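This report goes through one protein model, from individual side-chain pairs to the overall fold. The sequence and coordinates come next.

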Amino acid sequence: MATPLPQKGPGLAGMLSQQQQSHLPPGLGPGQPPMLPQGALREISPVFLCRIGQETVQDIVTRTMEIFQITRATQLPNGVTQSQAVYQDRFGKLQEHLRQLALLFRKLRLLYERCVEMTSDLQEEPSELVPYLREEMAPVRVEPCSPAVSQERQEVLEMRQKNQEMKILMDQMRNLLWDVNAMLTLRK
């Protein structure tokens with residue numbers, strides 16, 4: 001099972017309120033608190049949590065791409081002195097992106113744990129999901145083919161066998177030619 005992470009900061013409630021602000025009705029602005037009933041956090045559906053989780057994963061990917069772009073743009077020290085301010089600026093940006101990335105992963109972990117908690121009664125044992133675990137499969141009845149299909153199959157098999165024999169002969173001839181050419185080259 002997943003080990004719970006220590007909650008630092010606002011927790012799931014604060015993170016959800018940030019996400020819900022982006023999905024507010026047109027009359028409400030981001031500065032206004034959303035009008036939610038007292039037990040609104042308990043009534044949030046797992047589907048909504050999964051959607052927030054999907055957006056969080058997209059944010060994680062975006063942040064990671066930005067980190068790689070910053071590191072790719074950073075010039076390695078090659079004896080030329082660069083401005084210390086430029087390095088400090090890039091280092092600060094990297095630190096901020098890494099901090100945000102850690103927060104996003106923490107948020108994703110909280111969303112995952114909440115979804116598992118909400119859907120624990122819906123989950124089945126894996127043995128119940130695997131088909132034909134304890135049942136034997138009925139043998140499949142194969143109908144005989146028409147004589148024309150059987151003859152064509154036999155011809156294809158014969159052709160395949162001839163092709164295989166020809167390939168072996170060609171490989172042997174190629175090796176023989178290589179040996180002859182090698183001996184002629186050594187002779188000169």
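## Salt bridges and packing in a helical model

Arg109 and Glu113 join their side chains in a salt bridge, with an N to O distance of 4.0 Å. Arg109 and Glu113 are four residues apart in helix H3, so about one helical turn separates them. Arg109 is partly exposed, at a relative accessible area of 27%. The model is a predicted one, and side-chain atom pairs count only at pLDDT 80 or more.

The structure holds five salt bridges. The table lists some of them, including the pair just described.

| Pair | N to O distance | Helix | Spacing in sequence |
|---|---|---|---|
| Lys93 and Asp89 | 3.8 Å | H3 | four residues |
| Arg109 and Glu113 | 4.0 Å | H3 | four residues |
| Asp171 and Arg174 | 2.8 Å | H5 | three residues |

Lys93 and Asp89 are about one turn of the helix apart. Lys93 is partly exposed at 44% relative accessible area, and Asp89 is partly exposed at 42%. In helix H5, Asp171 and Arg174 are also about one helical turn apart, because three residues separate them. Asp171 counts as partly exposed at 30% relative accessibility, as does Arg174 at 44%.

Helix H5 spans residues 147–187 and contains Leu184. On the surface, Leu184 belongs to a nonpolar patch with Met173, Leu176 and Val180. Together the four residues of the patch have about 360 Å² of accessible area. Leu184 has a relative accessibility of 43%, so it counts as partly exposed.

Cysteines are the next topic. How many disulfides does a search of the whole structure find? The search returns zero. The closest cysteine sulfur to that of Cys50 is in Cys115, at 3.9 Å. A disulfide requires the sulfur atoms to be within 2.5 Å, and the distance from Cys50 to Cys115 is therefore too far for a bond. In the other direction, the closest cysteine sulfur to that of Cys115 is in Cys50. Is each of these cysteines buried or exposed, or in between? Cys50 is partly exposed, with a relative accessible area of 48%, whereas Cys115 counts as buried at 12% relative accessibility.

Cys115 also takes part in a contact with a threonine: its backbone oxygen lies 2.7 Å from a polar atom of the Thr119 side chain. Thr119 sits in the loop between helix H3 (84–118) and helix H4 (126–129). With a relative accessible area of 17%, Thr119 falls under the 20% limit and is therefore buried.

A second threonine, Thr56, is located in helix H2, residues 46–73. Thr56 is buried, at a relative accessible area of 0%. Which residues does Thr56 contact, leaving aside its neighbours within four places in sequence? The contacts are with Leu104, Lys107, Leu108 and Leu111.

For the protein as a whole, the secondary structure amounts to five helices and zero strands, in the order α-α-α-α-α along the sequence. Among contacts with a separation of 6 or more, 82% are between residues 24 or more positions apart. Of the 188 residues, 15% count as buried. The accessible surface is about 16,000 Å², and carbon and sulfur atoms supply 59% of it.

Methods
Residues numbered from 1 in each chain as written. Predicted model: local features only at pLDDT ≥ 70, side-chain atom pairs only at ≥ 80, totals over all residues. Heavy atoms only, no water. Patch = residues over 30% accessible without salt bridge, like charges linked within 9 Å, V, L, I, M, F, W, Y side chains within 5 Å. Areas by Shrake-Rupley, 256 points an atom, 1.4 Å probe, with all protein chains shown as cover. Helix = DSSP H or I, 4+ residues; strand = E, 2+ residues; numbered from the N terminus. Buried < 20%, exposed > 50% of the residue type's maximum accessible area, 1.4 Å probe, protein only. Contact = heavy atoms within 4.5 Å. Polar contact = N/O pair within 3.5 Å; in protein donor to acceptor, adjacent residues only side chain to side chain.
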